[in-house]
Each structure stands twice: as structure tokens, then as C-alpha cells.
Amino acid sequence: MTRTTMEDMRSLKYLGYSVVFQEVPDEISLAINISGCPYRCEGCHSSYLWEYEGRYLKDDLEAIISKFNGITCVCFMGGDQNANELNAFIDYIHSQGLKVCLYTGRDSVPCDVKNLDYIKIGHYSKECGGLDSPTTNQKFYAIKDNKYIDQTFKFRKEIINAENYKEPMH
Ligand code: SF4
């Protein structure tokens, strides 16, 4: 099996999808797990996404989205290793009246990915914890009019106050 590099421009592949409620606050999101993650975070809970495996998303994206009535957002769990293709997917999803979020393991906003509505940045660090941790290195932003609005506080457990809280995997 072949691993991707940071500049990998092969077509994006995916390994599963599901409707999620907490990865993007205030949205009902269809999360799509993109394989070939180049970031290799120590302590990653999703190392099955490191390999470049699965089906080509370009072949299935339209059909996947059409299965779900009532979603408000599509959340890519990875995918910025091919920004050109991801940008095309973002445009298509917007044309369907949905918002788009990207979870990336990059520590800064990827300037080559355009027109996102939300983004989570930051590698996973066991010491710092995920988005729900007060010491997290990760950030979650809503993006409006090219302004990045920090909404990381919405992931704190005491704010969510939900019995079944599950830490986002990326
Ligand atoms: S935590 Fe996410 S970004 Fe980091 S290696 Fe795992 S899948 Fe990739």
C-alpha cells in the first residue's frame, strides 16, 4: 500500500461516511472520511485513514449526498492533500444549498482551499487533547466574509452538556 505525501494530487478516496451532530456546532453534518491522511499525528485514533484506500469520492459524492435529506453541512475529515479536487467538491456542495467544513491536521489554515464555511485546524496531540480539552492546540472556526470566528469554546463538555459526547476523531 502506498502512502500520500503533503503535495499529493491523486484523486481523493474515502472510507465511509456518517451523519454527525457535534463535529460542526449548530449543523447536521454528513461526515466523509478521506483516506491517505499525510499528517501522521502521534496518538491518532483514525490511523486506518493513513493509507490511500477506498473508492474515489468523485465517483460517489453526488449519490452519497442525495441519500440524506435534512443535512445542512458536509464535513470532510481530511482531503486538503488535493486542494484542487476539494475545491471542486466544495463548489458542488454549495450548489446543493449545503455548507462545507474541513477537518485538517494542518496547524495553519490551508490557503489553497477556498470557500469553506467552517474549518478545524491543528494536529492531534495526546498531551494537549482534542477540541473538548481546555489545553487543546486545535482550533475550530466559522468563516464568514473571509473572517475567521473562533468557535472552539463550543466543544467544551460543560457547554455541550451532553451525556453522549464523543470527541471528534481528527
Ligand atoms: S488525527 Fe486526523 S489528521 Fe492526525 S493523523 Fe489521524 S487522521 Fe490524520
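Glycine 97, just after helix H2, takes a positive phi of about 80 degrees. The model is a predicted one, in which local features need pLDDT of at least 70 and side-chain atom pairs count only at pLDDT 80 or more, whereas totals for chains, interfaces and linings use all residues. Residue numbers start from 1 along each chain as its sequence is written.

H2 itself (residues 83–95) has 13 residues and reaches 18 Å from its first C-alpha to its last, close to the 18 Å expected at 1.5 Å a residue, the expected span being 1.5 Å times one less than the number of residues. Helices (H or I, at least four residues) and strands (E, at least two) are DSSP runs, numbered from the N terminus.

Leu86, Phe89, Ile90 and Ile93 of H2 are buried, meaning that 20 or more other C-beta atoms lie within 10 Å of a residue's own, with 12 or fewer for exposed, partly exposed in between, and C-beta atoms placed from the backbone. These four cover an arc of only 105 degrees around the axis, which puts them on the same side of H2; the arc is that of the directions from the helix axis to the C-beta atoms. On the other side of H2, Asn84, Asp91 and Ser95 are exposed.

The buried residues of H2 pack against the following elements:

| Element | Residues |
|---|---|
| Helix H1 | residues 57–66 |
| Strand E4 | residues 73–77 |
| Strand E5 | residues 99–103 |

Contact here requires C-beta atoms, placed from the backbone, within 7 Å. Over the chain, which has three helices and eight strands, residues 24 or more positions apart account for 60% of the contacts with a separation of 6 or more.

Notes
Two residues are in contact if their C-beta atoms, placed from the backbone, lie within 7 Å.
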